[in-house]
Each structure stands twice: as structure tokens, then as C-alpha cells.
Amino acid sequence: MRTEDLDHPAVRFDRVTKRYGDRTVLDGLDLEVGQGERVTLIGPSGSGKTTILRLLMTLERVTDGVILVDGEPFSHMPGAGGRLVPANERHLAVRRRRIGMVFQQFNLFPHMSVLENIVEAPVHVLGESREEAERRARDLLDLVGLGDRAGARPTRLSGGQQQRVAIARALAMRPGILLLDEVTSALDPELVAEVLDVLRDIARSTDITLLCVTHEMGFARDVSDRILMFDRGRIVESGPADELLESPTHERTRAFLGSVR
Ligand code: ADP
């Protein structure tokens with residue numbers, strides 16, 4: 001990361017609107033995530049949380065407003081006369097390298113070993129040498145507690161282990177920002193803790209910025225500095241994790257927390 005990037009929020013949504021046809025999913029949303037901050041989005045299904053992650057993964061385009069990453073236009077780029085114009089594919093491809101993502105479904109390549117899964121993108125996308133990528137992959141496997149499974153096929157691993165490999169694979173791309181989309185939802189309850197432990201470790205031992213979506217309030221409390229409560233594409237309440245979960249001030253937040261506990 002360049003030092004000047006640290007002066008800017010990691011992520012900033014500036015009056016972002018996202019519509020699908022007549023349906024407005026995000027409505028003039030302002031959102032800031034600081035460098036190294038851990039933020040979790042909670043709220044009822046359909047409130048727009050995943051759309052925020054999908055916009056950052058460039059899987060969707062904004063209808064209106066601008067997204068900035070490290071203070072630089074992300075959804076847009078400077079056009080003629082310095083005016084911002086919607087980003088082209090090349091701009092998006094370059095800028096999205098800052099961002100890693102872990103999904104509910106791990107999507108590991110079944111025909112490759114665990115190590116090969118992690119090495120693939122750093123070698124082919126970042127142009128790292130195989131030697132360097134493998135060295136780093138082994139360090140990351142140690143970090144997620146799977147140093148002894150480098151040669152295994154993903155299908156030989158439990159769901160929790162596969163998700164830990166997916167986390168290592170995302171980190172191998174050296175993202176400054178990691179998006180976590182319901183990463184424990186597909187796991188059997190007894191496997192959730194090991195994934196949470198790894199994420200807590202990463203939060204403790206790195207300065208990565210985390211932006212998470214989850215239905216699990218324990219996860220939200222454990223991993224985040226700040227929680228944002230969403231409803232119908234707007235932030236209804238925002239605060240430190242413990243505070244918002246223990247003593248929410250908005251009726252909508254109280255009702256939501258009552259329904260998920
Ligand atoms: P959440 O993550 O809070 O459950 P989402 O961001 O997934 O909410 O979805 C917000 C709303 O946007 C939902 O009502 C959903 O149906 C709608 N939506 C999401 N993707 C599309 C799409 N490709 N086309 C039309 N509507 C969509």
C-alpha cells in the first residue's frame with residue numbers, strides 16, 4: 001500500500017444508488033470504512049447488504065453515485081477534462097486487485113491440491129514466481145492452521161477446513177480489503193468456531209480492512225469494530241459492535257435482533 005492511501009478511508013460510498021428496473025436496492029447510500037477497520041453489515045434479508053459487496057467485487061455497477069477505494073475512484077475513472085466517467089473494464093480489473101472476497105460457498109478447484117488452489121492466482125494474475133507464491137501459500141496455510149494439508153485435495157477436507165483454505169487463497173492476493181459474505185452460513189455448527197478463530201487471528205495479526213455480511217450475531221460481535229444495521233438500502237443505525245448489539249437505539253434494530261436471537 002502506498003503511504004498516501006492511509007490518509008483516505010479504505011472504502012467510501014458517496015451517495016450510491018443501485019436500482020434493478022423499478023426496484024431501488026440502495027438509495028443514495030453514504031458509507032465509510034476506515035483503513036484497517038472491521039465493519040459488519042447486518043439487517044433483514046433483501047436490505048441490500050450483499051449488493052454492497054457485489055458492487056465492490058465489480059459484479060454489479062452503480063446506478064448513481066461514486067465508490068472510492070483508498071480515496072481513488074473505483075466505480076468511476078477520470079475522463080476528458082478530469083470529469084469522472086463510469087469505469088471501463090480495465091480500470092475495474094486493476095482496482096479490484098485491492099479487494100479479496102470469501103463467499104459462503106468455498107468454490108475451491110476440486111482437481112487441484114490445496115497448495116495449488118492458493119498459488120494459482122498469485123502466479124497467473126500477479127505474476128509472482130511459483131517459488132515465492134508457494135512459500136507464501138505455506139505461510140498462509142500455517143496461519144489458518146492447515147500447514148499439514150498442503151498436498152490434500154479440497155474434497156478430502158471438512159467444510160470448515162475448506163473455508164479456511166478459501167481464506168488463505170483470498171489473502172494470497174495480498175488484498176488491502178477483505179470482503180466476507182456469510183462465510184460461516186454453509187457450515188455445520190461445530191465447524192463454525194474454527195473459521196471464526198482464524199478470522200479473529202487475522203484481525204489481530206494483520207492490518208487488513210474487513211467488510212463482512214453475516215446473519216450470525218456472534219460472528220459480528222467477535223470480528224467487528226463497528227456494526228451497521230441496514231434496512232431497505234439505508235443504514236438505520238451504526239455503532240461499536242457490543243454497544244449496538246447490547247443496547248440498540250432504533251426500534252428496527254431491536255426488532256431485527258429479536259428475530260435472529
Ligand atoms: P441482502 O444481502 O441484504 O439479503 P441483497 O443485496 O442480496 O440483500 O438484495 C437486495 C435486493 O435486491 C433484494 O430484494 C433482491 O431481490 C434484489 N436483487 C439483488 N440482485 C438482483 C438482480 N440481479 N436483479 C433484480 N433484483 C435483485
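Which residues are buried in helix H9 (residues 251–260)? In this predicted model, they are Thr 253, Phe 256 and Leu 257. These three lie on the same side of H9, because they cover an arc of only 95° around the axis. A second topic is the ligand, whose surrounding residues include Tyr 20, Arg 23 and Lys 49.

**Helix H9**

- Glu 251, Gly 258 and Ser 259 are exposed, on the other side of H9.
- The cover over the buried residues of H9 includes two helices, H7 (217–223) and H8 (241–246).
- Strands E3 (38–42), E11 (226–231) and E12 (234–240) are also among the elements that cover these buried residues.

**Shell around the ligand**

- The residues around the ligand are Tyr 20, Arg 23, Val 25, Pro 44, Ser 45, Gly 46, Ser 47, Gly 48, Lys 49, Thr 50 and Thr 51.
- By class, the shell divides into six polar, three nonpolar and two charged residues.
- Strand E2 (23–33) and helix H1 (49–56) each contribute at least two residues to the shell.
- H1 provides the largest share, three residues.

**Polar contacts and cover of the ligand**

- Thr 51 has a polar side-chain atom 2.5 Å from an oxygen atom of the ligand.
- For Lys 49, a polar side-chain atom lies 2.8 Å from an oxygen atom of the ligand.
- Gly 46 approaches through its backbone: an N or O atom there lies 2.7 Å from an oxygen atom of the ligand.
- On its own, the ligand has 570 Å² of accessible area, of which the protein covers 63%.

Definitions and conventions. Residues numbered from 1 in each chain as written. Predicted model: local features only at pLDDT ≥ 70, side-chain atom pairs only at ≥ 80, totals over all residues. Heavy atoms only, no water. Buried < 20%, exposed > 50% of the residue type's maximum accessible area, 1.4 Å probe, protein only. Helix = DSSP H or I, 4+ residues; strand = E, 2+ residues; numbered from the N terminus. Arc of directions from axis to C-beta. Contact = heavy atoms within 4.5 Å. Near = heavy atom within 4 Å. Polar contact = N/O pair within 3.5 Å; in protein donor to acceptor, adjacent residues only side chain to side chain. Areas by Shrake-Rupley, 256 points an atom, 1.4 Å probe, with all protein chains shown as cover. Nonpolar A, V, L, I, M, F, W, Y, C, P; charged D, E, K, R; others polar.
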